[in-house]
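Q: I would like to learn how to read the domains, the sheet and the helix packing of a model. Where should we start?

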Amino acid sequence: MGPSKACLVKMVRTVTKTPSAVTVPRNVILATMQYTEKKFVIPTLDGISAKSVEEHLGLYGGYVKNFNAISAAIEGLLSDPDKNALAIAELRRRHSFEFDGMKLHELYFPQLEGGAQPIGAESALAQALTKHWGGVESAVARVRQTAMMRGPGWSNLYYNPENGAFHMSFVGEQHQGHFATLPIVLALDVWEHAYLLDHGAAGKAAYVDAFFKNLNWSVIEDRFVPLTK
Ligand SMILES: [Fe+2]
């Protein structure tokens, strides 16, 4: 004979126990979820002004602050998850937007540090791009084509260590269209805030030109090589 209906209801309630019953203190949970704004040393760039970089770094800091704020807000609302279900759901949807905004900018800015460096013709990255797409220029053309898609977002180049494939994605906003689990080797921010100040609303192509003019390819190489080990 199986468990009674009353017993089954009790079991379900036990399994679906709300997070408010978790005994780990809220401040301990939050301490592991707080992120700190990173600092970047961006040299004088050709076609991207210091003022634009300064404002862009400020926007990056906003993602860090907002991710931390949403983490705290969700943990607070979980004190009564049933009453706050709608608010929690909305914050959950915005959480990865802020996180990915933070992390994509932490991939973007280092690519402009250290001064422009060309890709080595014999480098492992150049050889892999040549094997996969026929050459570095072909890869750059794909990044440019993806960058010119409409809408705010990112033109991202991913590498899959499982099969040696490169993949391009237009990531809408910060979080829509990622290839789950695949590392990003090149991240090109094509939100209007990246180029509006220097090139105007119709200046995305000029900004993309400037990005590649200033790109430190050694950073991309340093991301790629460990993925091949
Ligand atoms: Fe940005």
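A: Start with the domains, and keep in mind that this model is predicted. The domain assignment of the protein chain gives domain 1 as 18-41 + 49-112, and domain 2 as 124-228.

Q: How many Å separate the centres of domain 1 and domain 2?

A: Taken over C-alpha atoms, the two centres are 24 Å apart. As for the contact, 16 residues of domain 1 and 16 residues of domain 2 take part.

Q: Which elements give two or more residues to the side of domain 1 that touches domain 2?

A: They are helix H3 (50-77) and helix H4. The largest share of that side comes from H4, with seven residues. By class, the residues of the side of domain 1 that touches domain 2 are seven nonpolar, six polar and three charged.

Q: Now the sheet. What is the order of the strands?

A: The order is E2-E1-E3, in an open sheet of three strands with antiparallel pairing. Strand E2 (165-172) and strand E3 (184-189) are at the edges; each has a single partner strand, so one side of each lacks a neighbour in the sheet. With direction ignored, neighbouring strands of this sheet are turned by 15° against each other on average.

Q: How many bridges join E1 to E3?

A: Five bridges join strand E1 (residues 153-160) to E3, and the two run antiparallel. To place this pairing in the model, find tyrosine 158, which stands opposite isoleucine 184 in E3.

Q: Which strands does helix H4 touch?

A: Helix H4 (residues 85-108) packs on the sheet and touches E1 and E3. The direction of H4 makes about 100° with that of E3. This is the H4 that gives seven residues to the side of domain 1 that touches domain 2.

Q: What describes two packed helices?

A: The description uses the angle between their axes and the distance between the axes. Here, helix H5 (residues 124-133) and helix H6 (residues 136-147) pack at about 75°, and their axes are 8 Å apart. At that angle H5 is roughly perpendicular to H6.

Q: Which residues meet where H5 packs on H6?

A: From H5 come Ala126, Leu129, Thr130 and Trp133. In H6 they meet Val136, Ser138, Ala139 and Arg142. Sorted by class, the contact of H5 with H6 has five nonpolar, two polar and one charged residues.

Terms used. Residues numbered from 1 in each chain as written. Predicted model: local features only at pLDDT ≥ 70, side-chain atom pairs only at ≥ 80, totals over all residues. Pairing = 2+ DSSP bridges. Helix = DSSP H or I, 4+ residues; strand = E, 2+ residues; numbered from the N terminus. Axes fitted to C-alpha atoms, helices over the stretch in contact; angles between N-to-C directions. Contact = placed C-beta atoms within 7 Å. Parallel < 35°, antiparallel > 145°, perpendicular 65-115°, else oblique. Nonpolar A, V, L, I, M, F, W, Y, C, P; charged D, E, K, R; others polar. Domains from an automatic or database assignment.
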